[in-house]
Amino acid sequence: AVAVAAAVLSVLGHLERQGVVHRDVKAANVFVQPTGRAAPTAASVRLIDFGLATTVSHTAGRNRVRLPHDVRTRPGVLWGTMAWCPPERLAPFLSESQMQEDESRLDLWGAALLLYLCLTGVQPFEREHFAGDTEQFAAIVEGRLPPPRDLVPAIPPALDALLRKALALRPAERLPSAGQFLE
(Lines give C-alpha, C1' and ligand atoms only; values in the text may rest on other atoms or scores of the structure.)
Protein backbone atom coordinates (compact mmCIF):
# COMPACT_ATOMS: atom_id res chain seq x y z
CA ALA A 1 0.00 0.00 0.00
CA VAL A 2 2.69 2.45 0.99
CA ALA A 3 4.85 1.54 -2.04
CA VAL A 4 1.99 2.27 -4.46
CA ALA A 5 1.02 5.52 -2.73
CA ALA A 6 4.66 6.64 -2.52
CA ALA A 7 5.15 6.05 -6.24
CA VAL A 8 2.01 8.03 -7.06
CA LEU A 9 3.07 10.85 -4.71
CA SER A 10 6.49 10.94 -6.35
CA VAL A 11 4.82 11.43 -9.74
CA LEU A 12 2.50 14.08 -8.28
CA GLY A 13 5.51 15.91 -6.85
CA HIS A 14 7.07 15.97 -10.30
CA LEU A 15 3.81 17.22 -11.82
CA GLU A 16 3.58 19.97 -9.14
CA ARG A 17 7.05 21.18 -10.07
CA GLN A 18 6.02 21.26 -13.74
CA GLY A 19 2.80 23.14 -13.02
CA VAL A 20 0.54 20.25 -14.04
CA VAL A 21 -2.52 19.02 -12.16
CA HIS A 22 -3.81 15.54 -13.09
CA ARG A 23 -7.31 16.16 -11.61
CA ASP A 24 -8.40 12.51 -11.81
CA VAL A 25 -6.20 10.57 -9.38
CA LYS A 26 -8.07 7.38 -8.54
CA ALA A 27 -7.40 3.65 -8.36
CA ALA A 28 -8.57 3.10 -11.96
CA ASN A 29 -5.88 5.53 -13.13
CA VAL A 30 -3.03 3.80 -11.36
CA PHE A 31 -1.45 0.92 -13.23
CA VAL A 32 0.73 -1.50 -11.29
CA GLN A 33 2.87 -3.70 -13.51
CA PRO A 34 3.39 -7.18 -12.03
CA THR A 35 6.99 -7.71 -10.94
CA GLY A 36 6.92 -11.07 -9.19
CA ARG A 37 7.82 -9.35 -5.90
CA ALA A 38 5.65 -9.18 -2.82
CA ALA A 39 5.47 -5.38 -3.02
CA PRO A 40 5.56 -3.29 -6.18
CA THR A 41 8.53 -1.07 -6.87
CA ALA A 42 8.22 2.60 -7.76
CA ALA A 43 9.25 1.72 -11.31
CA SER A 44 6.29 -0.65 -11.64
CA VAL A 45 3.63 1.95 -10.73
CA ARG A 46 2.25 4.30 -13.37
CA LEU A 47 -0.24 7.17 -13.13
CA ILE A 48 -2.26 7.08 -16.34
CA ASP A 49 -5.11 8.93 -18.09
CA PHE A 50 -4.19 12.59 -18.25
CA GLY A 51 -7.45 13.43 -20.04
CA LEU A 52 -8.51 15.98 -17.40
CA ALA A 53 -5.02 17.32 -16.71
CA THR A 54 -4.40 21.03 -16.82
CA THR A 55 -1.63 23.48 -16.15
CA VAL A 56 -1.61 25.97 -13.31
CA SER A 57 -0.17 29.42 -13.58
CA HIS A 58 1.43 29.87 -10.15
CA THR A 59 4.75 28.33 -11.20
CA ALA A 60 6.13 31.65 -12.46
CA GLY A 61 9.63 31.79 -13.83
CA ARG A 62 9.80 28.10 -14.69
CA ASN A 63 9.59 26.23 -17.92
CA ARG A 64 6.21 24.60 -17.67
CA VAL A 65 4.77 21.67 -19.51
CA ARG A 66 2.27 22.72 -22.15
CA LEU A 67 -0.53 20.25 -22.56
CA PRO A 68 -1.91 19.95 -26.10
CA HIS A 69 -5.44 19.51 -24.77
CA ASP A 70 -5.39 21.70 -21.65
CA VAL A 71 -8.86 21.08 -20.23
CA ARG A 72 -10.46 24.23 -18.89
CA THR A 73 -13.49 23.80 -16.72
CA ARG A 74 -16.33 26.11 -15.82
CA PRO A 75 -17.33 26.90 -12.24
CA GLY A 76 -20.19 24.70 -11.08
CA VAL A 77 -19.37 21.87 -13.49
CA LEU A 78 -18.27 18.59 -11.92
CA TRP A 79 -15.48 16.73 -13.68
CA GLY A 80 -13.90 13.45 -12.66
CA THR A 81 -15.45 10.71 -10.57
CA MET A 82 -17.55 11.88 -7.62
CA ALA A 83 -16.25 9.18 -5.24
CA TRP A 84 -12.70 10.49 -5.77
CA CYS A 85 -13.59 14.18 -5.89
CA PRO A 86 -12.28 16.34 -3.03
CA PRO A 87 -14.98 17.95 -0.87
CA GLU A 88 -14.08 21.48 -1.95
CA ARG A 89 -14.84 20.61 -5.59
CA LEU A 90 -18.37 19.70 -4.55
CA ALA A 91 -18.74 22.46 -1.95
CA PRO A 92 -16.41 25.39 -2.75
CA PHE A 93 -17.23 27.09 0.56
CA LEU A 94 -14.97 24.52 2.26
CA SER A 95 -11.93 26.18 0.70
CA GLU A 96 -10.75 29.42 2.27
CA SER A 97 -8.77 30.47 -0.80
CA GLN A 98 -9.20 30.84 -4.54
CA MET A 99 -9.77 27.61 -6.49
CA GLN A 100 -6.67 28.34 -8.59
CA GLU A 101 -4.47 27.97 -5.52
CA ASP A 102 -6.23 24.83 -4.34
CA GLU A 103 -6.11 23.17 -7.74
CA SER A 104 -2.55 21.97 -7.22
CA ARG A 105 -3.76 20.12 -4.08
CA LEU A 106 -6.68 18.32 -5.74
CA ASP A 107 -4.48 15.38 -6.68
CA LEU A 108 -3.38 14.86 -3.09
CA TRP A 109 -6.95 14.01 -2.08
CA GLY A 110 -7.04 11.23 -4.69
CA ALA A 111 -3.64 9.95 -3.54
CA ALA A 112 -4.86 9.88 0.07
CA LEU A 113 -8.00 7.96 -0.90
CA LEU A 114 -5.82 5.55 -2.90
CA LEU A 115 -3.67 4.88 0.17
CA TYR A 116 -6.83 4.50 2.29
CA LEU A 117 -8.17 1.95 -0.21
CA CYS A 118 -4.88 0.05 -0.37
CA LEU A 119 -4.65 -0.15 3.43
CA THR A 120 -8.28 -0.94 4.25
CA GLY A 121 -9.72 -2.52 1.12
CA VAL A 122 -12.47 0.13 1.20
CA GLN A 123 -13.00 3.29 -0.82
CA PRO A 124 -15.42 5.00 1.59
CA PHE A 125 -17.11 7.22 -0.98
CA GLU A 126 -17.83 4.64 -3.71
CA ARG A 127 -21.36 4.88 -5.05
CA GLU A 128 -22.22 1.33 -3.96
CA HIS A 129 -22.11 2.37 -0.27
CA PHE A 130 -24.98 4.84 -0.65
CA ALA A 131 -28.68 4.70 -1.43
CA GLY A 132 -28.38 7.61 -3.86
CA ASP A 133 -26.28 10.45 -5.21
CA THR A 134 -27.44 12.84 -2.48
CA GLU A 135 -26.19 10.55 0.28
CA GLN A 136 -22.86 10.06 -1.50
CA PHE A 137 -22.49 13.82 -2.00
CA ALA A 138 -23.30 14.51 1.66
CA ALA A 139 -20.78 11.94 2.92
CA ILE A 140 -18.02 13.57 0.87
CA VAL A 141 -18.76 17.19 1.79
CA GLU A 142 -19.23 16.30 5.46
CA GLY A 143 -16.05 14.20 5.53
CA ARG A 144 -17.82 11.09 6.76
CA LEU A 145 -15.35 8.23 6.55
CA PRO A 146 -14.24 5.79 9.21
CA PRO A 147 -10.74 6.21 10.61
CA PRO A 148 -8.51 3.64 8.87
CA ARG A 149 -7.64 1.88 12.14
CA ASP A 150 -11.34 1.30 12.81
CA LEU A 151 -11.35 -0.91 9.71
CA VAL A 152 -7.87 -2.43 10.07
CA PRO A 153 -6.53 -2.16 13.65
CA ALA A 154 -3.06 -3.30 12.51
CA ILE A 155 -2.48 -0.01 10.64
CA PRO A 156 0.27 1.83 12.55
CA PRO A 157 -1.02 4.86 14.48
CA ALA A 158 1.35 7.23 12.64
CA LEU A 159 0.01 6.08 9.26
CA ASP A 160 -3.56 6.43 10.52
CA ALA A 161 -2.80 9.99 11.66
CA LEU A 162 -1.19 10.82 8.31
CA LEU A 163 -4.26 9.59 6.42
CA ARG A 164 -6.60 11.54 8.68
CA LYS A 165 -4.60 14.69 8.00
CA ALA A 166 -4.44 14.02 4.24
CA LEU A 167 -8.21 13.47 4.18
CA ALA A 168 -9.16 16.43 6.38
CA LEU A 169 -12.38 18.08 5.27
CA ARG A 170 -10.86 21.52 4.66
CA PRO A 171 -7.90 21.86 2.27
CA ALA A 172 -6.02 24.18 4.65
CA GLU A 173 -5.89 21.37 7.23
CA ARG A 174 -4.33 18.88 4.79
CA LEU A 175 -0.75 18.36 3.73
CA PRO A 176 0.23 21.20 1.37
CA SER A 177 2.32 19.27 -1.15
CA ALA A 178 3.06 15.84 -2.55
CA GLY A 179 6.60 16.15 -1.19
CA GLN A 180 5.41 16.68 2.36
CA PHE A 181 2.88 13.85 2.04
CA LEU A 182 5.59 11.54 0.71
CA GLU A 183 8.00 12.54 3.48
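Helix α4 covers residues 106–120, and in this predicted model its 15 residues reach 22 Å from the first C-alpha to the last. That span is close to the 21 Å expected at 1.5 Å a residue. How much of α4 is buried? The count is 13 of its 15 residues, so the helix is largely enclosed by the rest of the structure. Just after α4, the chain passes through Gly-121, which takes a positive phi of about 80 degrees.

**An aromatic pair at α4**

Helix α4 also takes part in a ring contact. A search of the whole structure finds 1 aromatic pair. Its partners are Trp-109 and Phe-125, with 6.4 Å from centre to centre and 20 degrees between the planes, and the arrangement is stacked. Planes under 30 degrees apart count as stacked, so the 20 degrees between these two rings earns that label. Trp-109 belongs to helix α4, while Phe-125 lies in the loop between α4 and α5 (133–141). The two residues are 16 apart, and their pair links distant parts of the chain. Are these two partners buried or exposed? Trp-109 is buried, with a relative accessible area of 1%, and Phe-125 is buried as well, at 0%.

**The wider fold**

Stepping back, the protein contains 8 helices and 4 strands. Along the sequence they follow the pattern α-β-β-β-β-α-α-α-α-α-α-α. There are 183 residues, of which 44% count as buried. Among contacts between residues at least 6 apart in sequence, 63% join residues at least 24 apart. The accessible surface comes to about 9,400 Å², and carbon and sulfur atoms account for 55% of that area.

**Helix α7 and its two sides**

Helix α7 (residues 157–166) is a good place to look at sidedness. Its buried residues include Leu-159, Asp-160, Leu-163 and Ala-166. These residues cover an arc of only 130 degrees around the axis, which puts them on the same side of α7. The general geometry is helpful here: an α-helix has 3.6 residues a turn, so residues three or four places apart point the same way. Pro-157 and Ala-158, on the other side of α7, are exposed. What do the buried residues of α7 pack against? Their neighbours are α1, α4, α6 (148–151) and α8 (178–182). Helix α4 thus appears again, this time as a packing partner of α7.

**Val-11 in helix α1**

Helix α1 (residues 2–18) is home to Val-11. This valine is partly exposed, with a relative accessible area of 28%. Its C-alpha is separated by 9.7 Å from that of Ala-42, a residue 31 places apart from Val-11 along the chain.

**Salt bridges**

Side chains of opposite charge can pair when their charged atoms come close. The structure holds 5 salt bridges, and the table presents some of them.

| Salt bridge | Closest N to O distance |
|---|---|
| Lys-26 and Asp-24 | 3.9 Å |
| Asp-133 and Arg-127 | 2.9 Å |
| Arg-144 and Glu-142 | 2.7 Å |

How do the residues of these bridges stand in terms of burial? Lys-26 and Asp-24 are both buried. In the bridge between Asp-133 and Arg-127, Asp-133 is partly exposed, with a relative accessible area of 48%, and Arg-127 is also partly exposed, at 36%. The side chains of Arg-144 and Glu-142 have a similar label: Arg-144 is partly exposed at 44%, and Glu-142 is partly exposed at 46%.

**The surroundings of Asp-24**

Asp-24 deserves a second look. Where is Asp-24 found? The residue sits in the loop between β1 (20–21) and β2 (30–32). Its relative accessibility is 9%, so Asp-24 counts as buried, the cut-off being under 20%. Leaving aside residues up to four places away in sequence, Asp-24 touches Asn-29, Asp-49, Leu-52, Gly-80, Thr-81 and Asp-107. Besides these contacts, Asp-24 has its salt bridge with Lys-26, where the closest N and O atoms are 3.9 Å apart.

Methods
Residues numbered from 1 in each chain as written. Predicted model: local features only at pLDDT ≥ 70, side-chain atom pairs only at ≥ 80, totals over all residues. Heavy atoms only, no water. Expected span 1.5 Å × (residues − 1). Buried < 20%, exposed > 50% of the residue type's maximum accessible area, 1.4 Å probe, protein only. Contact = heavy atoms within 4.5 Å. Areas by Shrake-Rupley, 256 points an atom, 1.4 Å probe, with all protein chains shown as cover. Salt bridge = Lys/Arg side-chain N within 4 Å of Asp/Glu carboxyl O. Arc of directions from axis to C-beta. Phe/Tyr/Trp six-rings, centres within 6.5 Å; stacked < 30°, edge-to-face > 60°.
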